[in-house]
Amino acid sequence: MDQPRYYIEKDVIQSVDPPESHFGFSYWALMIPPVKPEHVLQLGCGGHTVPKLIDKIWGGFNLLCNEDIDAFEFVKDIKASFDYIIVDLFRGANIPPEIYSKDFLQDLSELSVGLVAINSDGSMDGAPYKE
């Protein structure tokens, strides 16, 4: 296997390619759905590590990826439904606290006909990750 390439922002690894180089040892592997998705929405795309892993495990699917800073407005405006939604909105080591807002969670609920995975790294306040 080739040496992995990393996408790093503000000294934090955001993505890795090839994605299977860290399979089983990262949150990315934990975000693979337990069933094959057909329509996936990813908010915060980075290097597309999670979609690449899903494709390796389950095969092809339709992906809509929003890299826009304001994913919170994007989910209000979109008129579609998804059987898997990935929320991975890290900004460097920070998570926007809005991912826990009632409005955002309601918007996700209205788009979802399946599962929603939120990468919060255990943070409930948007504070930077600390070891």
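Three short exercises on this predicted model follow, each with a worked solution.

Residues are numbered from 1 along each chain as its sequence is written. Local features need pLDDT of at least 70 and side-chain atom pairs pLDDT 80 or more, while totals for chains, interfaces and linings use all residues; side-chain values use heavy atoms, without hydrogens or water.

**Exercise 1. Lay out the fold of the protein chain.**

Step 1: Count the elements. The chain has four helices and six strands. These are DSSP runs, numbered from the N terminus: helices are H or I with at least four residues, strands are E with at least two.

Step 2: Read the order. From the N terminus it is β-β-α-β-α-β-α-β-α-β.

Step 3: Check burial. Of 131 residues, 40% count as buried. Buried means under 20% relative accessible area, exposed over 50%, partly exposed in between (1.4 Å probe, protein chains only).

**Exercise 2. Classify Asp107 and list its contacts beyond four places in sequence.**

Step 1: Place Asp107. It sits in helix H4.

Step 2: Apply the cut-off. Asp107 counts as buried because its relative accessibility is 12%.

Step 3: Find the partners. Setting aside neighbours within four places in sequence, Asp107 is in contact (heavy atoms within 4.5 Å) with Phe72, Val75 and Lys76.

**Exercise 3. Locate Glu98 and classify its exposure.**

Step 1: Find the segment. Glu98 belongs to the loop between strand E5 (82-87) and helix H4 (102-111).

Step 2: Read the area. Glu98 has a relative accessible area of 38%, so it is partly exposed.
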